[in-house]
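Student: I am new to this structure and should like a close look at a single part of it. Would you please describe the interface of two of its chains?

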4 protein chains.
Amino acid sequence: MAHGAIKKVVLAYSGGLDTSVILKWLQIEYGCEVVTFTADIGQGEELEPARTKAQAAGVQEIYIDDLREEFVSDFVFPMFRANTLYEGEYLLGTSIARPLIAKRLIEIAAETGADAIAHGATGKGNDQVRFELTAYALNPEIKIIAPWREWDLLSREKLMAYAEQHGIAVEMKRDGTKSPYSMDANLLHISYEGYDLEDPWVEPGSDMWRWSVAPEQAPDQATTIEIGFEQGDPVAINGQRFSPAALLAELNRIGGANGIGRADLVENRYVGMKSRGCYETPGGTILLKAHRAMESLTLDREAAHLKDELMPRYASLVYNGYWFTPERNMLQVAIDETQKVVNGEVRLRLYKGNVMVVGRKSASNSLFDAAIATFEEDAGAYNQADATGFIRLNALRLRVAGRQRG
Amino acid sequence: MAHGAIKKVVLAYSGGLDTSVILKWLQIEYGCEVVTFTADIGQGEELEPARTKAQAAGVQEIYIDDLREEFVSDFVFPMFRANTLYEGEYLLGTSIARPLIAKRLIEIAAETGADAIAHGATGKGNDQVRFELTAYALNPEIKIIAPWREWDLLSREKLMAYAEQHGIAVEMKRDGTKSPYSMDANLLHISYEGYDLEDPWVEPGSDMWRWSVAPEQAPDQATTIEIGFEQGDPVAINGQRFSPAALLAELNRIGGANGIGRADLVENRYVGMKSRGCYETPGGTILLKAHRAMESLTLDREAAHLKDELMPRYASLVYNGYWFTPERNMLQVAIDETQKVVNGEVRLRLYKGNVMVVGRKSASNSLFDAAIATFEEDAGAYNQADATGFIRLNALRLRVAGRQRG
Amino acid sequence: MAHGAIKKVVLAYSGGLDTSVILKWLQIEYGCEVVTFTADIGQGEELEPARTKAQAAGVQEIYIDDLREEFVSDFVFPMFRANTLYEGEYLLGTSIARPLIAKRLIEIAAETGADAIAHGATGKGNDQVRFELTAYALNPEIKIIAPWREWDLLSREKLMAYAEQHGIAVEMKRDGTKSPYSMDANLLHISYEGYDLEDPWVEPGSDMWRWSVAPEQAPDQATTIEIGFEQGDPVAINGQRFSPAALLAELNRIGGANGIGRADLVENRYVGMKSRGCYETPGGTILLKAHRAMESLTLDREAAHLKDELMPRYASLVYNGYWFTPERNMLQVAIDETQKVVNGEVRLRLYKGNVMVVGRKSASNSLFDAAIATFEEDAGAYNQADATGFIRLNALRLRVAGRQRG
Amino acid sequence: MAHGAIKKVVLAYSGGLDTSVILKWLQIEYGCEVVTFTADIGQGEELEPARTKAQAAGVQEIYIDDLREEFVSDFVFPMFRANTLYEGEYLLGTSIARPLIAKRLIEIAAETGADAIAHGATGKGNDQVRFELTAYALNPEIKIIAPWREWDLLSREKLMAYAEQHGIAVEMKRDGTKSPYSMDANLLHISYEGYDLEDPWVEPGSDMWRWSVAPEQAPDQATTIEIGFEQGDPVAINGQRFSPAALLAELNRIGGANGIGRADLVENRYVGMKSRGCYETPGGTILLKAHRAMESLTLDREAAHLKDELMPRYASLVYNGYWFTPERNMLQVAIDETQKVVNGEVRLRLYKGNVMVVGRKSASNSLFDAAIATFEEDAGAYNQADATGFIRLNALRLRVAGRQRG
């Protein structure tokens, strides 16, 4: 097999079966040097085994980076400022991680003098698009190798055979089993695809879920928390300040314990098909609710409505992989501009899967004016007679049209 | 006091204190004949007392109409086809009822030869706008009397004094108490405003809520239901067909029993201030989730995304009272056009406040193609190599820009 | 060369060099039967030579269809109802013709039992996308052959050599010359690309343009015309009714004579690059201006504004080839819904490239109410005091925010 | 007549009949001190007579400010970055000046300790809204006096009588005549309303227009100019740098001489009625065309399309007077973010009303890549085969739907 002349490739490497096979396959098929890059974005796996395996495979340049803080502060939080939901339901846990990984791949390619990058995403999914759009945006001349679109190892059996043939160790879970689902995890969520989810009428087994207890198993007592916001980002829980990554981890812990954040969806992939996915996003589910509540008190109505109208497009951009683009940037600066006033605290009750807002306050930026809103006499804060003209002029075009119709 | 010459006015009349005072006030101040109109839109109160009271007040023409089916089929369901949420949270239970009531007021004015209508909405709220925009749109020459914007009976004490002075019976609840909240109910929801809700940091007492049990009090066993959809509207529960109003009532019953549908919000009123409202919308909460799930299986991606982008504007139109307008009509025909294929069943688990989608199917319109989506070998249903060109051309503009930046 | 087994292919065939070479190439490379389809969409060329050439090439099934009326009534006019402009300037003359041709290709494939279609669009342009998206939408199983993406005849010289080698007659223009530009024409426009236009700083020579005189050469006297509209579509010029195609042809004649409709643009192609194009769209330029003027008198403000906001997306859908899609359909029904009231006459002055609206009237649907708009005393048609409340409530949120800032 | 207690009011004062009457009326009716403010925003009138008249009326604090540079750099140019057109046609010449004047009124109120402002806009128009929304946004406690909404001097005759009665000099034009139109002018445009324009079918007389020659009277030779842009703003004409106000004035001069920039429109006012207006905007008409051309070469496609979709809303915000609002600010930062790369030169031909782009270049930011766009062989710059996958995946959802329909 003759591939284009690649001298050195940076591989997004987890140390699992797929990327271990890819590493070997790149060495054999491309005859090039492979640099491995393994990122800690909070997936909850030890990374040192990846180093050991890469070394065993003869890799000279091994990158293992902790990107958790960058992930949350530069990707997750900006996205949550937009109250982002794809197709009304999906919190974009996988989507938002890809641009960061691809950005780091490109950086490492520059550092190591590599002319290509490689990843283990399949040709059917969104992740290949997200990786590669980012890579091309940041380095237009980069070469990209996507083995799943090139090779014929298109089933697990073939992969296993290739691994055995080339002496790649295939680890089993301690109990000798392996989840039948295709999973992806980071600080924001864990996702499940494939297996029995491929029939959208079938409910997955209760043992699929890993990050949260079922609502039925959650405590019988509600947990009340207060989240503090500064400029649209959460900074504290119950008065205690956290770094971005630590805050999200803490919300995951609290949310997961209370059965919060499970979703079972059919979504539309960018490459054109519908797919079924299940997600656990405990902290993100809490955060979305809390952020909206914080905005409800502090954000101007028209700014809030404009944000709501732009959100679906922003969500599609993130889902489709267009993070490092002029259009995402346009939307982000508009969104960020609104967040300067999103300061204060939100109180929430968490109970068996529910996230209930029960209070919100802002010492510095509340636009809630009880003197105006009151149902009691307001001492002139609001002149009810103003409403007459307001209504009459808003109705004028409708009245003219009504007269015209006769 | 000299008011414009009104001969006959149709009053939206509940028989409660406010509209009873208004009835008398109209007779006195305007010296005109009053026609009363009382609608059953599922608020759950007996209407015959309204007839008795109106008769006692000397009203000659008394209209009491059951509008429940029209309300759900012509207003609620069309709105749910759009997955409508105002400001990300509010299901618009009050908003959607107003155009129907105003439309009926205008019809009755035509039937009775009245030249004016009157309503009991205050000058601070959205309802006055919703009533009056509808009225003006349907009859540009109608005169509108909004006593709250005219009189000086601006507190409950003054109202009570006026009632006593004019021999208007003020009923107490059987136990001599009255809810301290301002409430409004119909088949879609019940709302609460005022009193301790005027501080958005304060959680209302558990005895405020009337339609649903608290999640904590809901059954320990989940309830599973299946909702059948035809052209975007729900038509059956667990295989049993219901009329629109009966279906919504049944969903309210099931949802309320499972602690579903409570919301505690700060919202932006059209007249310019923020206000706090609490809502119970058990059936609507289930329906929104179910409808989205039905669409996720049957609706084209781009149609779904376009709907999502238009939804916030549609929601604002409904919230602000622009139901009978060309622009709402534009959006409605676009939305309805998409719903022809929204047919099938959705299975949901309801548990202590949670509505979880656990299955969706459509015999006639599913766009989920397992042969394409599968993680297994797909026998050529999808050519992974296509993704390369897809990505490369989508990236082209980004690459050109990258090269240009150097 | 081994291609997939194609039995019969319908070729979009003009009889020119390119498609003549393609015809032969298909016969040789695919060894399949070729059906030719030649459409009259107003490009202004005789079609019978195409029949003669196809017969000479041994084609058994030859389709030559006059699609002019369908083109204008079902494609051009619906698009003009939206006031469609791509990127603020381009009237989409090429884009709008492609779905019609592709639709007819699919119909002919069904009629003739063909399993494939072929077209002569290159792999760099938008037309391949427009043809193929339509084809796939109307027949998901159709096979598509795009020779320009397959063969290596990638220059004019190679094409000519192939033609000579295979005995394909290459016609010269009568004077032995040929335009150096790549051109495309139909009833809506003629376009020019390539040659010296490839430098966007260079002005093309005055002899490039074919449909219109230069403004400098146009008559010194203005031409005044009146266009009559019914439900948003033009139906008459100066009181004389025309069929859709005849009306557009007449506007082209009048516009071209007055130097109207030239455009020189850099546009963004769907496949990712910028390209330079020049266009002559005399009738369309007049029609856009006239339609907007007709709407300005008859259309509700909010419907008009919503149309304006949706237009750029509608334009992109047309430009990118998504005519036969759910999302275009959504927008079209919304737009069409608004056009019921767009009836009346517009008077225009045409002068040396200018299209000036100088009058508009609608006996049945004018929303212009001089009694309200007048600067003179209006006898109570409008209550100026209403504006106070209108402004005060619209300002309320701004005032609350101002107070909050201190 | 008893008005609220106003101590001192700042009046937007031109020195003409209307505002002279208002000045007197304020002194009489409100018994308060009046500060006059007269702005030079390029309306082309001498301002010193306003000082003399104000002094004659006993005004102690007289402000006369040259705001031309601020007007163009902080209001006109930011608006043109958005390619702003209201309802597809109107360049917003009046709208954009109002926030600046109102802002200065508020500043002067603060400087002079005034508690109110006053303006001469009528209760039927948009200007009152624009003035007052700005005033309230910048000073929530300001009192606003709009005499036209209060007094009964609702015709010219009554105004004249009041003037005569109070010794206010009424100037006639030198020839004893006065335009019958209501006019407004600033550096961006001059507008005409009223009189025979109140019938939208009537063409105004040729003597109405003041800033431009008719196309028929313009030179027979085209004028070619080059406009240089930096970050989206024009900075030079034919290589000569100008300040913002000087540049716009120069474009007005060139455009007016070539018959450019007349418009005759029916527009939708914010207060609910349609109105007819004629406008001359010579420089703005050139600038819009030039700016779009500059963007066509330098701006990313998706950023450009997003700008186009947001533009109508931005235009409405400006038209309706919402300049100093969070939502306009959101849009502005998004728009401005895109303009960093809008650098280069545009060459235009101006001829008898036409503005024709004939060239555009950008040394630093052109995204036009001739190597990719060429119709000739491109030496591998673009792989035509990529288009196959691009089309196939974009078509996938349509094919699945087609199969589903059967």
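Tutor: The following account concerns the interface of chain A and chain B. The model is a predicted one, in which local features need pLDDT of at least 70 and side-chain atom pairs count only at pLDDT 80 or more, whereas totals for chains, interfaces and linings use all residues. Residues are numbered from 1 along each chain as its sequence is written, chains are lettered from A in the order in which they are written, and side-chain values use heavy atoms, with hydrogens and water left out.

On chain A, 103 residues are in contact (heavy atoms within 4.5 Å) with 103 residues of chain B. The size of an interface is often given as the accessible area lost when the parts come together. Chain A and chain B bury about 9,300 Å² between them, 54% of it on carbon and sulfur atoms; this buried area is the accessible area (1.4 Å probe) that the two parts lose on being put together, summed over both.

Across this interface the rule finds 14 salt bridges, each a side-chain nitrogen of Lys or Arg within 4 Å of a carboxyl oxygen of Asp or Glu. Arg349(A) forms a salt bridge with Glu203(B), and their closest N and O atoms are 3.5 Å apart. Helix H13 of chain A (residues 386-405) supplies 13 residues, the largest share of the side of chain A that touches chain B; helices are DSSP runs (H or I) of at least four residues, numbered from the N terminus. That side of chain A divides into 42 nonpolar, 23 polar and 38 charged residues, where Asp, Glu, Lys and Arg count as charged, Ala, Val, Leu, Ile, Met, Phe, Trp, Tyr, Cys and Pro as nonpolar, and the others, Gly among them, as polar.

How values were computed: Helices (H or I, at least four residues) and strands (E, at least two) are DSSP runs, numbered from the N terminus.
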